[in-house]
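Work through the following exercises with the sequence and the model at hand, and compare each solution with your own reading.

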Amino acid sequence: MSSTMAEFRIEVKPIGVVHVEAGDEEVKKSVNGVPGVVEIFPEYEQGLKGLEGFSHIILVTFLHKTSDRDRETLLVKPRRLVKYGFTLEELPLIGVFATDSPHRPNPIGVSIVELARVEGRFLHVKGLDVFNGTPVLDLKPYTPGRVVREVRLPEWYASLLEKARRVEPGLSDL
């Protein structure tokens, strides 16, 4: 089945924005993410009803600092692994869709963050991996049905994870 872009009209409107005190470099270097607040715009506040009590939420964001040139990138090295002691030379060149790189045709981020508390339309969270001012496109509760118990990993990823665990014992994922 083949389709052309002319057949689709996609319109996305942010429902909120992320606020973090950490600078961009601190966010990039963080292993466990940074704390912050997800501000939901007033017109969407009713959509938060029932969210309180969930331990985690899934944030869908637009990675607004990705340049037009970065959106053309299809091959990347998973550079964020440098914080685990890897050199760029050690990292494989892989397709962007095999990574969570922000450099991609549609710079959409998906993050699972801990929901510390809800105060009206402000969600206090831990574990953010996005920058201050990042637009929020959607959010969903993280529920047990989303947990994948048995995961397969390609050899290149499993090898990098094993090496990273030597630097960061107890590391569950890259």
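**Exercise 1.** Determine which residue of β7 stands opposite G36, and place this pair in its sheet.

Solution. G36 stands opposite V125 in β7, and this model is a predicted one, in which local features need pLDDT of at least 70, side-chain atom pairs count only at pLDDT 80 or more, and totals for chains, interfaces and linings use all residues. Residues are numbered from 1 along each chain as its sequence is written, and side-chain values use heavy atoms, with hydrogens and water left out. Strands are DSSP runs (E, at least two residues), numbered from the N terminus, and two of them pair if DSSP finds at least two bridges between them. Strand β7 (residues 122-128) runs antiparallel to β2 and is joined to β2 by five bridges. On β1 (residues 16-19), four bridges give an antiparallel pairing with β2, where V17 stands opposite E39.

**Exercise 2.** Follow the sheet from β7 to β6, and state in which order the strands close into a barrel.

Solution. Strand β6 (residues 108-119) is joined to β7 by five bridges, again in the antiparallel sense, and E119 stands opposite F122 of β7. Six strands, paired antiparallel, close into a barrel in the order β1-β2-β7-β6-β3-β8.

**Exercise 3.** Is L93 buried or exposed, and how many residues of β2 are buried?

Solution. L93, which lies in the loop between β4 (75-76) and β5 (94-95), counts as exposed because its relative accessibility is 54%, the cut-offs being under 20% relative accessible area for buried, over 50% for exposed and partly exposed in between (1.4 Å probe, protein chains only). Strand β2 (residues 34-40), by contrast, is mostly covered, with six of its seven residues buried.
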